[in-house]
Amino acid sequence: MGKVSDFIVKYLQAQGVEHVFELAGGMIVPLLDSARTAGLPLVSMHHEQAAGFAAEGMARVTGVPGVAFATSGPGATNLLTAIGSCYFDSTPAVFITGSVARNEMKGDRSVRQLGFQETDIVAMAKPVTKSAFRLMDGEDVKQALDVAFSTARSGRPGPVLIDIPIDVQTTEMGSDNEAVEVDVARQAVRPHEIALALSALGRATRPLVLVGGGCAGKDYVRMALECLNVPVVNSLMGTDVLGWDHPLRYGLIGSYGNRWANHAIAECDYLLVLGSRLDIRQTGTDVKGFADRVIFQVDADANEMNQRITGVNTICADVSEFCRLLVDASFPHSALRWTNHLDEMRAKWPDIAELKDIKGINPNVFMRLLGTRADRVAADFVIDVGQHQMWAAQSLRFSTGARFLTSGGMGAMGFALPAAIGAAFASPDPVVVIAGDGGFQLNLQELQTIVHHKLPVKMVVLNNHAHGMVRQFQDAYFGGRRQSTVDGYSAPYFPDIAMAYGIHNANWINRVEEVDDGLDRLFETKGPALLQVDIDVNTNVYPKLAFGRPITDMEPDVKPTWMEGT
Ligand SMILES: Cc1ncc(C[n+]2csc(CCOP(=O)(O)OP(=O)(O)O)c2C)c(N)n1
Ligand SMILES: [Mg+2]
């Protein structure tokens, strides 16, 4: 029958796991060895956080739970940021950590450690997982994996952590444990809920749909939206539900939302929220305006509804299932006056004209050009955290079907490069990384993984020589004292770094006239390439919701009344 570690690997293969991301360590050597024997490809990363993000990137593209292995102690703790990212952004993943042998565990002894690197990762991971547990008996391995995979995928997806002592991994298994397909419980949709949502829509003259992360990568959602024929706005996590040019798409709402999209949400008389939790970054703090319209919210997680915005008609269901039924039940809605009005607002306030007196390359304009260029090679996008993320969400032009992956709830700098590695293993098409000079330095070491596997990752580093988003915050609320964002902070010349790793297609631009050429060079070779794009340090992201005010009041025209809490 073999060892527990052999069984685990076979089980992963049966689940459709095609790659496991890891960084070696003594306590996971049995798993690495079994994977090698069974032909399950391992991707050796250079930081466990990066292994976790790569697993997340892969899961978001494939829908199959991402898997990463890490050793005990620092290996396991290094995973935590990525585990949290999967938790907040509802990404299915199974993290497996190795730990010290059972006879080296401190148990109830009042010492800090007994075994070398002994660390209670289960307790640490509990608040950022759907389930975290230690497998103490090899005979329970099948049950443990069944629980892990069904928990990760069912309801609102998320991460699970299993910690396995090394001597459990090497236990010879007595009974025959056949790996089977795991059943995933999906919440049913009650037909009368759809009927209610549709009849209220029938009465609306200014209807709107808000799509969020719960819709990303789900084909039924797009089909349902097209059946409804209602204008659609998105949260950051729902950016890629419809392509930029899709006739129903009216852009990003929220803190850095497109101006017309925030007006659309303020003015609508009916709002159907699909897979979005209406958090503070989407609605602002002043939510009084949300009281006077009909809201239906569909979400897999009942706890997320009727929280900050109340009086919502809630439908606790799998969004994809809801949309599948909607396709059969709905009929196209017509609201020509309303869509004309939205079109007029969009024409009046173009995203590429928000930044006045710009010196050098306008990042909103750049995002449009980058998207158009990347579309020709059917690229997906993985975006880091900062100003560049918001410029991308406001202005990146891409087709329906392209993915826009970013770290939403955790907002983890350093996400993009490793998550792009996961996305690159999941699909043959190129992956475009959009990162800032700050965040790119958090997982820079993964350039080696990209080179090692010759991955078609196209890296765009928007270099404003600053932790720009925090710099903008300091300028707004701390008298422009740019401590640790500009003062005391620096970034290297990234093309030289790329070259040192063996990425020879590495270029730099800082003038408007160089943009086309720079983009051509980025895509002219098949393999990895880097383009550093210098942006003036003082460039802000606008419009920006004026904190404490209604969603339509946006900086720089209106000043905030509160300091933002996020
Ligand atoms: C791991 C982590 N540390 C700190 C932060 C706080 N933070 C948010 S945006 C940002 C600045 C990012 O700088 P950069 O990557 O250069 O992007 P820019 O805003 O300049 O486009 C910082 C420090 C964070 N989100 N994540
Ligand atoms: Mg920066």
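How many nonpolar, polar and charged residues does the shell around ligand 1 have? In this predicted model, that shell has six nonpolar residues, 10 polar residues and one charged residue.

**The ligand site**

The surroundings of ligand 1 comprise 17 residues, of which Q387, G411, G438, G439 and G468 come nearest. Two helices, α15 (387-395) and α18 (468-477), each supply at least two residues of this shell. The largest share, three residues, comes from α18.

Oxygen atoms of ligand 1 take part in polar contacts with Q387, N464 and A466. The partner atoms and distances are set out below.

| Residue | Partner atom in the protein | Distance to an oxygen atom of ligand 1 |
|---|---|---|
| Q387 | polar backbone atom | 2.8 Å |
| N464 | side-chain N or O atom | 2.9 Å |
| A466 | backbone N or O atom | 2.9 Å |

On its own, ligand 1 has 580 Å² of accessible area, and the protein covers 75% of that area. Q387 appears both among the residues that come nearest to ligand 1 and in the table of contacts, through a polar backbone atom at 2.8 Å.

**The β17-α20-β18 unit**

A further element of the model is formed by residues 506-509 of strand β17 and residues 529-534 of strand β18, which pair in the parallel sense over four bridges. Within this pairing, W508 stands opposite Q532 of β18. Together with helix α20 (residues 515-524), strands β17 and β18 make a β-α-β unit, and this unit is right-handed.

Conventions: Residues are numbered from 1 along each chain as its sequence is written. Chains are lettered from A and ligands numbered from 1 in the order in which they are written. This is a predicted model: local features need pLDDT of at least 70, side-chain atom pairs count only at pLDDT 80 or more; totals for chains, interfaces and linings use all residues. Side-chain values use heavy atoms; hydrogens and water are left out. Two strands pair if DSSP finds at least two bridges between them. A crossover is right-handed if, with the strands pointing away from the viewer, the path from the first strand over the helix to the second runs clockwise. A residue is near a molecule or strand if one of its heavy atoms lies within 4 Å of it. A polar contact is a pair of N or O atoms within 3.5 Å; within protein, one must be able to donate a hydrogen and the other to accept it, and residues adjacent in sequence count only if both atoms are side-chain atoms. Accessible areas come from the Shrake-Rupley method with a 1.4 Å probe; for residues, only the protein chains shown count as cover. Ala, Val, Leu, Ile, Met, Phe, Trp, Tyr, Cys and Pro count as nonpolar, Asp, Glu, Lys and Arg as charged, and the others, Gly among them, as polar.
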